[in-house]
2 protein chains.
Amino acid sequence: MKKFMNGAASMVAESLEGFVSAHDSMVMFGAGRKFVRRRHLAPGKVAIISGGGAGHEPMHVGFVGHGMLDAACTGHIFTSPNPDQVIAAIAETDTGAGCLLIVKNYDGDVMNFEMAAETVSGRHRIETVIVSDDVAAQGAARRTGRRGVAGTLIVEKMLGAAAEAGSDLAGLKALGDRLSTQIRTMGVALSGVTVPDTARATFTLEPDEMEVGVGIHGEPGLYRQKIADADTIASMICNAILADMGQHNSDQALLLVNGFGGTPTPELYLIYNVARRLFEASGIRIARSLVGTYVTSLDMAGLSVTLSLLDEETLHLWDAPVLTAALRWLRHDPTNFGTEDVHLS
Amino acid sequence: MKKFMNGAASMVAESLEGFVSAHDSMVMFGAGRKFVRRRHLAPGKVAIISGGGAGHEPMHVGFVGHGMLDAACTGHIFTSPNPDQVIAAIAETDTGAGCLLIVKNYDGDVMNFEMAAETVSGRHRIETVIVSDDVAAQGAARRTGRRGVAGTLIVEKMLGAAAEAGSDLAGLKALGDRLSTQIRTMGVALSGVTVPDTARATFTLEPDEMEVGVGIHGEPGLYRQKIADADTIASMICNAILADMGQHNSDQALLLVNGFGGTPTPELYLIYNVARRLFEASGIRIARSLVGTYVTSLDMAGLSVTLSLLDEETLHLWDAPVLTAALRWLRHDPTNFGTEDVHLS
């Protein structure tokens, strides 16, 4: 295991300090450096707070900013933030309209965000949306529910846009729960992941193997098989997503191809190219696309494909302006884009 | 070597198809798919054209768009595009004000862009800017000049902004040559890189080694040594850059920490944090920052640090609006940023 760090114990704090320093017009540390927050809060807007273990960057700190999160709480690597961090974030970012917590479905995260919500329940109005977009969870994992993986980005983007547009807490909670039924993700890994503290890989693959149905914490996936070509891998993933999605009325979707940290961007675009064709052949028009390394598992080689069905409302929320370190646009899909439109600064 | 691909021969073309499809409001293929161009050309503007081997993505195709490149020509992996591609890009994007070619200093690239420029010299006005920002080249490499590495991003951004603002061809050429004296980069690798065609790593490091002074084609660096902690590595790089930069009058700079493809973003921010402090301790204020994976060497683990001295003109060019797949802002460092400023779509 080789990493650019001074020591495993300090690496998250040092990296966050660099992040805040690089983006200091947009974000700042909250009290006691317990979380990263938007520098300029919008009074009267519901605060959107998320977080989780470190090791998934740019999620969540990279999504703090206008149109997305108000605060992100980062734990140690692959470890939930503690309730104290979440409580501090709530206290500092609730400007009167309450807080929506967006939590990936892992026991530690769910427990700690829940404890925080209970602790402040007398002083703040809180709702929680659990993200569980991973189609691959089964067996024991299936009983505690699907994991929250790359679809979290979409949930945070859309709820952030809705909050920015003035949705109230109850409306955001209802929207978040509805999004859960429309977003599906599946991942494949070509390597395990080395956690700095233990300096051990979480699983080891032979040079000709891949792990299918992985999450973002280096946990083993559904099964292991010989590596296949890109057409075969994309087809496997897309079929699993479509089968899991079942009957639906949507004819358009957002397609997100997300790298896990160690996979070069050109490979993501290559898989995107195949997946887009496959989904479109099944009758789903890919109306919006996002390809990049956003929801990671440290330096794991691998990727996930996320399909998010779109209706008029969610399309509008996706297109709404966003200005964060990792995700930024003023309007998406600017089909009439001309030079006269961008001299806005 | 494990990659998401259908075969080494088709992977660049398949990936480019995905890229164009994902960003089709912004870019399109040029004639014969020989290059990727901006969908909406600006008549009367000098066309900015760059390119190089594949394997460095998002550079250059990710930089095609408003405020940066008009066209990018992509060769096979780590292989220059051929003159025919460059000629086609010139013919299609020159709207009357001529073309500026931005070329990284490698023999193959320089030769092929030069041949293209000579071939069209009767029909188009052409100037060429050679990027050579790598402080690490020495010995034989030093005699043919420094390599062009991550500083290329800065040259393309600034020249793109100047062209957008109406600079003529002679002005852009002079600016480009001046930029060369103000940008310095040094890179360190924790792994070699596996080229898909050969399926072999270009160099192999022991688990406790790092390669210092690497470029972006997997070529060996200046020397190999035991891996050090982040403070030591950043200090080595910053000192080499400052020593090479020599006497200068600038008191502010842009700091770019660039990942080579296999290094997670948090490690880049960690190195950024140290490097920023070191440069500021030496009297250079870091006025602008960019941290991310922009100029890559396939999946190589490693990073480079680039210092670009800023004056009033270059600061203004850096801040100018840019809208490409990989780099986008309407204005940088929005210190007075408030919610009222972004509802622009």
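Biologist: Why does Glu17(A) count as partly exposed?

Modeller: This is a predicted model, and in it Glu17(A) has 24% relative accessibility. Buried requires under 20% and exposed over 50%, with partly exposed in between, so Glu17(A) is classed as partly exposed.

Biologist: What makes Glu17(A) and Arg277(B) a salt bridge?

Modeller: Their closest N and O atoms are 3.2 Å apart. The rule asks for a Lys or Arg side-chain nitrogen within 4 Å of an Asp or Glu carboxyl oxygen, so the pair qualifies. The pair crosses between chains, with Glu17(A) in helix α1 of chain A and Arg277(B) in helix α8 (residues 265–281) of chain B. Arg277(B) is partly exposed, at a relative accessible area of 49%.

Biologist: How many salt bridges does the rule find across the interface of chain A and chain B?

Modeller: It finds 2. Arg277(A) and Glu17(B) also meet in a salt bridge, at 3.1 Å from N to O. Between the two chains there are also 27 residue pairs in polar contact, both residues at pLDDT 80 or more.

Biologist: Which elements of chain A supply the side that touches chain B?

Modeller: At least two residues each come from α1 (11–22), α7 (230–245), α8 (265–281), β14 (285–292), β15 (302–309) and β17 (328–329) of chain A. The most comes from α8(A), with 9 residues. By class, that side of chain A has 30 nonpolar, 18 polar and 17 charged residues.

Biologist: How many residues take part in the contact, and what area is buried?

Modeller: The contact takes 65 residues from chain A and 65 residues from chain B. About 6,000 Å² is buried between the chains, and carbon and sulfur atoms give 62% of that area. Lys2(A), Phe4(A) and Tyr269(A) supply 15% of the area that chain A buries against chain B, more than any other three residues.

Biologist: What makes Arg178(B) and Glu313(B) a salt bridge, and where do they lie?

Modeller: The closest N and O atoms are 2.5 Å apart, and the limit is 4 Å, so the pair is counted. The pair links distant parts of the chain, 135 residues apart: Arg178(B) is in helix α6 (residues 169–180) and Glu313(B) in helix α9 (residues 312–319) of chain B. Arg178(B) is partly exposed at 27% relative accessibility, and Glu313(B) is partly exposed at 42%.

Biologist: Why is Lys226(B) called exposed, but Asp208(B) partly exposed?

Modeller: Lys226(B) has a relative accessible area of 54%, and the cut-off for exposed is over 50%. Asp208(B) has 32%, which falls between 20% and 50% and therefore counts as partly exposed. The two side chains meet in a salt bridge at 2.5 Å, N to O. Lys226(B) is in strand β12 (residues 223–226) and Asp208(B) in the loop between β10 (200–201) and β11 (209–212) of chain B, so the pair ties together parts 18 residues apart in sequence.

Biologist: Why is no salt bridge assigned to Asp109(B)?

Modeller: The nearest side chain of opposite charge, Lys104(B), is 4.5 Å away. A salt bridge needs N and O within 4 Å, so the pair fails the rule. Asp109(B) is nevertheless buried. Its place is in helix α3 (residues 107–119) of chain B, and its contacts include Gly52(B), Gly53(B) and Ser80(B).

Biologist: How do you know that Thr152(A) is buried?

Modeller: Its relative accessible area is 1%, and buried means under 20%, so Thr152(A) is buried. Thr152(A) lies in helix α5 (residues 151–164) of chain A. A polar atom of its side chain is 2.5 Å from the backbone oxygen of Val149(A). Among the residues that Thr152(A) touches are Met59(A) and His60(A).

Biologist: What is the peptide bond from Met59(A) to His60(A), cis or trans?

Modeller: The bond is cis, with omega near -5°. His60(A) lies in the loop between β3 (47–54) and β4 (65–66) of chain A.

Biologist: Is Leu298(B) buried or exposed, and what is its phi?

Modeller: Leu298(B) has 7% relative accessibility; the limit for buried is under 20%, so Leu298(B) is buried. Its phi is positive, about 50°, although Leu298(B) is not a glycine. Leu298(B) is found in the loop between β14 (285–292) and β15 (302–309) of chain B.

Terms used: Residues are numbered from 1 along each chain as its sequence is written. Chains are lettered from A and ligands numbered from 1 in the order in which they are written. This is a predicted model: local features need pLDDT of at least 70, side-chain atom pairs count only at pLDDT 80 or more; totals for chains, interfaces and linings use all residues. Side-chain values use heavy atoms; hydrogens and water are left out. Contact means heavy atoms within 4.5 Å. Buried area is the accessible area (1.4 Å probe) that two parts lose on being put together, summed over both. A polar contact is a pair of N or O atoms within 3.5 Å; within protein, one must be able to donate a hydrogen and the other to accept it, and residues adjacent in sequence count only if both atoms are side-chain atoms. Helices (H or I, at least four residues) and strands (E, at least two) are DSSP runs, numbered from the N terminus. Ala, Val, Leu, Ile, Met, Phe, Trp, Tyr, Cys and Pro count as nonpolar, Asp, Glu, Lys and Arg as charged, and the others, Gly among them, as polar. Buried means under 20% relative accessible area, exposed over 50%, partly exposed in between (1.4 Å probe, protein chains only). Lys and Arg count as positive and Asp and Glu as negative; His and the chain ends are not counted. Lists of a residue's contacts leave out its neighbours within four places in sequence.
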